[in-house]
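Please work through the following exercises with the sequence and the model side by side. Each one sets a task and then solves it step by step.

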Amino acid sequence: MPDIVIIGGGVTGVATAMNVARAGASVTLLEARQLAAMASGWTLGGVRQSGRHPAELPIARAAVALWPTLTDDLGADVEYRQKGNLRLARTPEEVSVIRDLVRTQHNKGLDLEFLADNAAVRAVAPAISPSIMAASFCPTDGHANPMKTVQAFAQAARRAGAVIREGVNVTAIETRGAKVTGVVTSEGVIAADRVVVAAGMHAPALLRPLGLDLPYLPQIVTVLQTVPIAPVFEQVFGVANADCAGRQETDGRLRVTTGIGPWTGDLEGWRPEQLQPTAGLVAAMIRRIAAILPVLNDAGVAAIWGGLIDQTPDALPVIEASADVEGLTIAAGFSGHGFGIAPMVGRLVAELALGQSISLPLDAFRLARFAARAVPVAPLMLHG
C-alpha cells in the first residue's frame, strides 16, 4: 500500500509526487488519460509574479527562485527563460489599469517598471506594435515548456521511487468514519491512508461525495501555435484586461492564446474535437494578437486547440489538508495560472500530505472560504 496516492498527472501532481518521493515516502500517481492531458498541456507556459493576486504572490516569488535551477535539479531541459513579462495597455483606460498595477505591486516589493509610452515599450520589445500605449515590465518573470516540464518532474519522481500510472481513472475516494482509506479506480481499489486530489477539472466530482463543495466556473480558452520563425520576441506578453497573451518558444514557434468563454459541456464524457474552437473565434484571436504582435500575420499556423480552465469564483486555487476528511489533501482550481507556481506548490502540497510544517502561509487557499462568504467572481489570468 502506498503511503500517498495522488490523483492527477498535471504539473501540480507530478511536482508533488517528486517532492513526496524525495522525502522518502512511497507514492503512486494515477492519471486517467496521459500526463499533461489537461491544463498543463495547453497552458501558455508563463512563469510570472506580475499581476498575481496578493495572496498568491509569495508562492509565485518562491517559485521564481526555484525555476533557474530546475533543469539541473530535474535532470532535463525545461526550456526556462527569464526574459521578463510585459502587460500591455492598448487604450487610455488600460494605461490607468497598468499604472495602478505597477504602483500596487511595487508596494508589495515586486520589481516592476512602468513603461510610459510606446518608445519605452519597444525599447524592451521592438516587435510590439506602434499602437501599444504603455506597459508594465517585470524582468524577473519568464516562461518554460509545459510538456517538457511535466515530463521532467515525472521522470525525477520516478527516479526517486514514485510509481506513475497513466490510463487509470479514479472514480471515487473511499473513506471510513471521515478518514481516507483508498481510491476506487478503473483497475480496482487501491488502499491508501492519504490521498492528494490534483485532478483539475475533475476535482469537484471526486470531492462532492465526501461532502466537500469546490465551486468551479469552467472556462474554455483557445491556443494557436505557429511554425518556427526567426527570433523576434523574448518576453511573455499579456494585456490589461487579460483577453490575450503570448510568447515565442525556444524553437521559434509563437504560442498565443485568447478566446476565453464559459464551458457548458460534459466534463466526464468530452472528446478532444469538442474543444476545437470555431473559425470565427480563431479569426478574432488572430486579429487581436496581430494588433499587438504584427509578425503573427506572416507566420504559418501549425496547430490550434482549445483547453479547459478550472476557474474558481475568486480565481485562486484550493490548497489545503482537509479539516473534514482525515488524510485528504486538495490542490485544485488553479484558474489558468498554476503552471508558473508549480515548483513551489508541489513542495507545499507534499508538506501538507506528509504532515510536515508548511513553508508558506496557505490560509487564503482554504476551501471553506467559499462557504463562509459570498465570493465575487474574479477575472481570469491567462499566462502562468
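**Exercise 1. Count the charged side chains of the protein chain and find how far apart the centres of the two sets lie.**

Solution. Begin with the counting rule, under which Lys and Arg are positive and Asp and Glu negative, while His and the chain ends are not counted. Each charge is then placed at NZ of Lys, CZ of Arg, CG of Asp or CD of Glu. This gives 31 positive and 34 negative side chains, and the centres of the two sets are 2 Å apart.

Two remarks apply to every exercise here. The model is predicted, so that local features need pLDDT of at least 70 and side-chain atom pairs count only at pLDDT 80 or more, whereas totals for chains, interfaces and linings use all residues. Residues are numbered from 1 along each chain as its sequence is written, and side-chain values use heavy atoms, with hydrogens and water left out.

**Exercise 2. Describe the overall build of the protein chain, from its secondary structure to its surface.**

Solution. First, assign helices (H or I, at least four residues) and strands (E, at least two) as DSSP runs numbered from the N terminus; the protein chain then has 11 helices and 19 strands. Second, take the radius of gyration over C-alpha atoms and compare it with the globule rule, 2.2 Å times the number of residues to the power 0.38. For 384 residues a compact globule would come near 21 Å, and the protein chain has 20 Å, so the two agree. Along the principal axes, the C-alpha atoms fill a box of roughly 65 × 45 × 45 Å.

Third, turn to burial, where buried means under 20% relative accessible area, exposed over 50% and partly exposed in between, with a 1.4 Å probe and protein chains only. By this measure 58% of the 384 residues are buried. The accessible surface, from the Shrake-Rupley method with a 1.4 Å probe, comes to about 14,700 Å², and 53% of that belongs to carbon and sulfur atoms. Finally, count contacts (heavy atoms within 4.5 Å): of those with a separation of 6 or more, 74% join residues 24 or more positions apart.

**Exercise 3. Which residues are linked into a cluster by ring pairs, and how is the pair of Trp-67 and Phe-339 arranged?**

Solution. Rings of Phe, Tyr and Trp (its six-membered ring) pair if their centres lie within 6.5 Å, and planes under 30 degrees apart count as stacked, over 60 as edge-to-face and the rest as tilted. The rule yields 3 aromatic pairs. In the pair of Trp-67 and Phe-339 the ring centres are 5.5 Å apart and the planes stand at 50 degrees, so this pair is tilted. Trp-67 belongs to the loop between helix 3 (57-66) and helix 4 (70-74), and Phe-339 to the loop between strand 19 (328-332) and helix 10 (342-354), so the pair ties together parts 272 residues apart in sequence. Both partners are buried, Trp-67 at 1% relative accessibility and Phe-339 at 4%. Ring pairs link Trp-67, Tyr-80 and Phe-339 into a cluster.

**Exercise 4. Examine the positive phi values of Ala-242 and Ser-335, and locate each residue.**

Solution. Ala-242 has a phi near 60 degrees, positive although the residue is not glycine, and its place is the loop between strand 14 (236-239) and strand 15 (244-248). Its relative accessibility of 11% makes Ala-242 buried. Ser-335 likewise has a positive phi near 60 degrees; it sits in the loop between strand 19 and helix 10 and is buried at 0% relative accessibility.

**Exercise 5. Is Pro-139 buried or partly exposed, and what does Val-102 touch?**

Solution. Pro-139, in the loop between strand 6 (134-138) and strand 7 (142-143), is partly exposed at 31% relative accessibility. Leaving aside neighbours within four places in sequence, Pro-139 is in contact with Gln-82, Lys-83, Gly-84 and Asp-111. Val-102 is in helix 5 (92-107) and is buried, with a relative accessible area of 6%. Not counting residues up to four places away in sequence, Val-102 touches Leu-112, Glu-113, Phe-114 and Ser-136. The C-alpha atoms of Val-102 and Glu-113 are 6.7 Å apart in space, with their positions 11 residues apart in sequence.
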